[in-house]
Amino acid sequence: MLKLLCPVAGLLASLFIFTAVAQPAQAPVKVGALAIEAPWLRATPGGAKVGAGYLRITNAGSEADRLTGAAMPLSTRGEVHEMTMQNGVMHMAPLPQGLAIPPGKTVELKPGGYHLMFLDLKGALKQGDNVDVTLTFEKAGSVTVRFPVEGLGGAPRM
Ligand SMILES: [Cu+2]
C-alpha cells in the first residue's frame with residue numbers, strides 16, 4: 001500500500017512545485033496602506049560592485065509616505081536614487097529625504113528613473129535567483145519582499 005502511495009505523493013508534490021513556479025507574477029505585498037508590485041533586480045556582470053532594483057508602490061491610504069531605504073544580504077548599503085538630466089548627461093543621486101509616495105498614487109521605480117541602488121556587492125546577482133530585499137518606509141515601517149533577478153537586458157515582468 002505504501003509503495004503505491006509514495007510515487008503518487010511524489011508526483012503530486014512535483015506538480016505543486018511546478019504550478020507554484022509557473023505563476024507569472026507574485027501577488028502584491030502589502031505593508032500598512034502600501035502595496036508593492038512587480039519587484040525585480042537587474043542581473044550584474046561578474047565583478048560588478050553595484051546593483052539596481054525596481055518595483056511599483058501604490059499608496060491606498062490618505063497620508064503621504066516615503067521610501068527611505070532598502071537592504072539585502074549581499075550589499076552593505078542600499079539607497080533610493082533618482083536620475084536627472086544635466087547638460088544632456090544622465091546623472092543619478094541618492095534622495096536624501098527618500099522617495100515620496102503620495103496618497104492615492106502609484107510610484108514606479110524603473111530603468112531610467114527612480115531605482116534602488118545596492119552598493120558594495122559581495123557577489124553577483126544572477127538571473128533566475130530570488131533575493132529578499134527589506135524596504136523601509138517612513139510611516140508603514142519595514143517589509144521584506146522577494147525580488148527575482150532578471151537578465152542584463154532587464155525587461156521587467158508585468
Ligand atoms: Cu543609482
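Thr134 has Thr144 in strand S11 as its bridge partner. Strands S10 and S11 run antiparallel and share eight bridges, where two strands are taken to pair if DSSP finds at least two bridges between them. The two strands form a hairpin with three residues between them. Strands, like helices, are DSSP runs numbered from the N terminus (helices H or I, at least four residues; strands E, at least two). The model is a predicted one, in which local features need pLDDT of at least 70 and side-chain atom pairs count only at pLDDT 80 or more, while totals for chains, interfaces and linings use all residues. Residues are numbered from 1 along each chain as its sequence is written.

S10 is also joined to S4, by four bridges in the antiparallel sense. In this pairing Gly69 stands opposite Thr136 of S10. The side chains of S10 alternate between two faces. Val131, Val133, Leu135 and Phe137 point to one face and are buried, a residue being buried if 20 or more other C-beta atoms lie within 10 Å of its own, exposed if 12 or fewer, and partly exposed in between, with C-beta atoms placed from the backbone. Asn130, Asp132, Thr134 and Thr136 point to the other face and are not buried.

Three of the buried residues of S10, Val131, Val133 and Leu135, recur in the largest nonpolar core, where together with Leu34, Leu41, Ile57 and Leu67 they touch the most other members. This core has 23 residues; a nonpolar core is defined as a set of buried Ala, Val, Leu, Ile, Met, Phe, Trp, Tyr and Cys residues joined through C-beta atoms within 7 Å. Two or more core residues come from each of S2 (34–42), S3 (51–59), S4 (65–71), S9 (115–119), S10 (130–137) and S11 (141–150). Leu41 is in contact with Gly51, Gly53, Leu125, Val131, Phe147 and Val149, when residues up to four places away in sequence are not counted. Contact here requires that the C-beta atoms of two residues, placed from the backbone, lie within 7 Å.

In the protein as a whole, one helix and eleven strands are present, in the order α-β-β-β-β-β-β-β-β-β-β-β from the N terminus. Of its 158 residues, 21% are buried. Among contacts between residues at least 6 apart in sequence, 68% join residues at least 24 apart. The average pLDDT, the predictor's confidence in each residue on a scale from 0 to 100, is 86, and 80% of the residues score at least 70. Over residues 10–23 the pLDDT is below 50, and this stretch has zero contacts in the model beyond near neighbours in sequence.

Strands S5 and S6 pair in the antiparallel sense over six bridges, with Met85 opposite Met90 of S6. S6 is hardly covered, as zero of its six residues are buried. The S5–S6 hairpin has two residues between the strands. Asn87 lies in this loop, between S5 (77–86) and S6 (89–94), and takes a positive phi near 55°. Asn87 counts as exposed because it has 5 C-beta neighbours inside 10 Å. Most residues other than glycine have a negative phi.

A positive phi of about 55° is also found at Asp120, which is not a glycine. Asp120 belongs to the loop between S9 and S10 and, with 11 C-beta neighbours inside 10 Å, counts as exposed. One contact of Asp120 is with Thr76, which also touches Leu119, neighbours of Thr76 within four places in sequence being left aside. Thr76 is placed in the loop between S4 and S5 and is exposed, with 12 other C-beta atoms within 10 Å. The C-alpha atoms of Thr76 and Leu121 are 7.1 Å apart in space, although the two residues are 45 residues apart in sequence.

Met117 is located in S9. This residue counts as partly exposed, since 18 C-beta neighbours lie inside 10 Å. Its C-alpha atom is separated by 5.8 Å from that of Gly51, 66 residues away along the chain. Apart from residues up to four places away in sequence, Met117 touches Val50, Ala52, Glu79 and His81.
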